[in-house]
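The following exercises concern the reading of a structural model. Each one sets a task and then works through its solution in steps.

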Amino acid sequence: RRFAAFCGIGHPEGFFASLAAWGEPVETRVFPDHHHYTPTELEELLIWRESLGVELLVTTLKDLVKIPASHPLAAVVWALDIRCTFHAGLPE
């Protein structure tokens, strides 16, 4: 699938690098860390998606929760879920 990506995190390079396993985004957009999206910005993201001709936008879970579920943007945004597992002890 063709996609574009956006985020509002401190080190967006790491997020975009994590997407490489899934594919290369058509275009990326970066907002300041801890950004709260305004209604105007949410509309601009929808227009941006349409102008790029991509099926969906990908963001972080941290950013996804800032998009109201009732907003049309929520239907075309996926979030990358990165998990970390801690294991005690050393392998034998």
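**Exercise 1. Determine which residues L57 contacts, and place L57 in its core.**

Step 1. Take contact as heavy atoms within 4.5 Å. With its neighbours within four places in sequence left aside, L57 is in contact with A4, F6, L45, W48, R49, L73, V76, V77 and W78.

Step 2. The model is a predicted one, in which local features need pLDDT of at least 70 and side-chain atom pairs count only at pLDDT 80 or more, while totals for chains, interfaces and linings use all residues. Residues are numbered from 1 along each chain as its sequence is written, and side-chain values use heavy atoms, with hydrogens and water left out.

Step 3. A nonpolar core is a set of buried Ala, Val, Leu, Ile, Met, Phe, Trp, Tyr and Cys residues joined through side-chain atoms within 4.5 Å; buried means under 20% relative accessible area, exposed over 50%, and partly exposed in between (1.4 Å probe, protein chains only). The largest such core has 15 residues, of which F6, L45, W48, L57 and L73 touch the most other members.

Step 4. Helices (H or I, at least four residues) and strands (E, at least two) are DSSP runs, numbered from the N terminus. The elements that give two or more residues to this core are β1 and α2, and the largest share, 5 residues, comes from α2.

Step 5. Another core lies apart from this one; it has 9 residues, among them F3, I9, F15 and F16.

**Exercise 2. Establish the order of elements and the arrangement of the sheet.**

Step 1. The chain has 3 helices and 4 strands, which follow one another from the N terminus as β-α-β-α-β-α-β.

Step 2. Two strands are said to pair if DSSP finds at least two bridges between them. The 4 strands form an open sheet with parallel pairing, in the order β2-β1-β3-β4. Because β2 (28-30) and β4 (77-80) stand at the edges, each with a single partner strand, one side of each is left without a neighbour in the sheet.

Step 3. From one strand to the next the twist averages 25°. Angles here run from 0 to 180 degrees between N-to-C directions, and axes are lines fitted to C-alpha atoms, for helices over the stretch in contact.

Step 4. Strand β1 (residues 3-7) pairs with β2 in the parallel sense over 3 bridges, and β1 and β3 also pair in the parallel sense over 3 bridges. In β2, T28 stands opposite A5 and V30 stands opposite C7. In β3, A5 has V58 as its bridge partner.

**Exercise 3. Is β1 enclosed or open, and where do its side chains point?**

Step 1. Of the 5 residues of β1, 5 are buried, so β1 is largely enclosed by the rest of the structure.

Step 2. F3, A5 and C7 point one way from β1, whereas A4 and F6 point the other way.

**Exercise 4. Describe how α1 and α2 lie on the sheet.**

Step 1. Helix α1 (residues 12-19) packs on the sheet and touches β1, β2, β3 (56-60) and β4, its direction making about 155° with that of β1. Helix α2 (residues 39-52) lies across β1, β2 and β3, and runs at about 155° to β1.

Step 2. In α1 the buried residues are P12, F15, F16 and L19. They cover an arc of only 95° around the axis, so they lie on the same side of α1; the arc is that of the directions from the helix axis to the C-beta atoms.

Step 3. An α-helix has 3.6 residues a turn, so residues three or four places apart point the same way.

Step 4. The buried residues of α1 pack against β1, β2, β3 and β4. The exposed residues E13 and A17 are carried by the face of α1 turned away from its buried side.

**Exercise 5. Assess H34 and I82.**

Step 1. H34 is in the loop between β2 and α2. Although H34 is not a glycine, it has a positive phi of about 65°. Most residues other than glycine have a negative phi. H34 is exposed, with a relative accessible area of 52%.

Step 2. I82 lies in the segment after β4 and counts as exposed at 58% relative accessibility. The C-alpha atoms of I82 and S18 are separated by 8.7 Å, although the two residues are 64 residues apart along the chain.
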